[in-house]
Amino acid sequence: MASRDDPRKAQRDRLIDDSLKQVFSELEADKMPDEIIDLLSVLKAQDKELKDRK
């Protein structure tokens, strides 16, 4: 079992962190499909309508 001060563990943790940041930043940059955007618009409108009724 590796200790907290193990440099290999620290390097591995940094590599995992960097990889996750890269994956999520790439996902964030992707354009959302028009169908999803349309669906979100419909859902927002329905939510607003329900809130207005109250």
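The following exchange concerns the predicted model shown above.

Colleague: On what basis were residues numbered and features accepted, and from what pLDDT do side-chain atom pairs count?
Modeller: Residues are numbered from 1 along each chain as its sequence is written, and side-chain values use heavy atoms, with hydrogens and water left out. As this is a predicted model, totals for chains, interfaces and linings use all residues, local features need pLDDT of at least 70, and side-chain atom pairs count only at pLDDT 80 or more.

Colleague: How many helices and strands does the chain have?
Modeller: Helices (H or I, at least four residues) and strands (E, at least two) are DSSP runs, numbered from the N terminus. On that basis the chain comes to two helices and zero strands.

Colleague: Is the chain a compact globule or more spread out, and what is its radius of gyration?
Modeller: The globule rule (2.2 Å times the number of residues to the power 0.38, with the radius taken over C-alpha atoms) gives 10 Å for 54 residues. The C-alpha atoms fill a box of roughly 60 × 30 × 15 Å along the principal axes. The chain is more spread out than a compact globule, because the rule's value is well exceeded by its radius of gyration of 21 Å.

Colleague: What percentage of the residues is buried?
Modeller: Buried means under 20% relative accessible area, exposed over 50%, and partly exposed in between (1.4 Å probe, protein chains only). The chain exposes about 5600 Å² (Shrake-Rupley method, 1.4 Å probe), of which carbon and sulfur atoms supply 57%. Of the 54 residues, the buried share is 2%.

Colleague: How far apart do the centres of the positive and negative side chains lie?
Modeller: Lys and Arg count as positive and Asp and Glu as negative, while His and the chain ends are not counted. The chain has 12 positive and 14 negative side chains. The centres of the two sets lie apart by 6 Å.

Colleague: Which residues form the nonpolar patch on the surface?
Modeller: A patch is made of residues with over 30% relative accessible area and no salt bridge, like charges being joined within 9 Å and nonpolar side chains (Val, Leu, Ile, Met, Phe, Trp, Tyr) within 5 Å. One member, Ile36, lies in helix H2 (residues 34-53) and is partly exposed at 37% relative accessibility. The patch has about 500 Å² of accessible area together, and its members are Met32, Ile36, Ile37, Leu39, Leu40 and Leu43.

Colleague: Which residue meets Lys31 in a salt bridge?
Modeller: A salt bridge is a side-chain nitrogen of Lys or Arg within 4 Å of a carboxyl oxygen of Asp or Glu, and the count comes to six. Lys31 is exposed, with a relative accessible area of 65%. Its partner lies in helix H2 and is partly exposed at 48%. At 3.3 Å, N to O, that partner is Asp34.

Colleague: Where do Asp47 and Lys51 lie?
Modeller: Their side chains meet in a salt bridge at 3.3 Å, N to O. Asp47 is partly exposed at 38%, whereas Lys51 is exposed at 57%. The two are four residues apart, about one turn of the helix, and both lie in helix H2.

Colleague: How far apart are the closest N and O atoms of Lys48 and Asp52?
Modeller: Both residues lie in helix H2, four residues apart, and both are exposed. They form a salt bridge, in which the closest N and O atoms are separated by 2.9 Å.

Colleague: What is the C-alpha to C-alpha distance of Lys54 and Ser41?
Modeller: Lys54 is found in the segment after H2 and is exposed, with a relative accessible area of 86%. Lys54 and Ser41 are 13 residues apart in sequence, and in space their C-alpha atoms are separated by 21 Å.

Methods
The place of a charge is taken as NZ of Lys, CZ of Arg, CG of Asp or CD of Glu.
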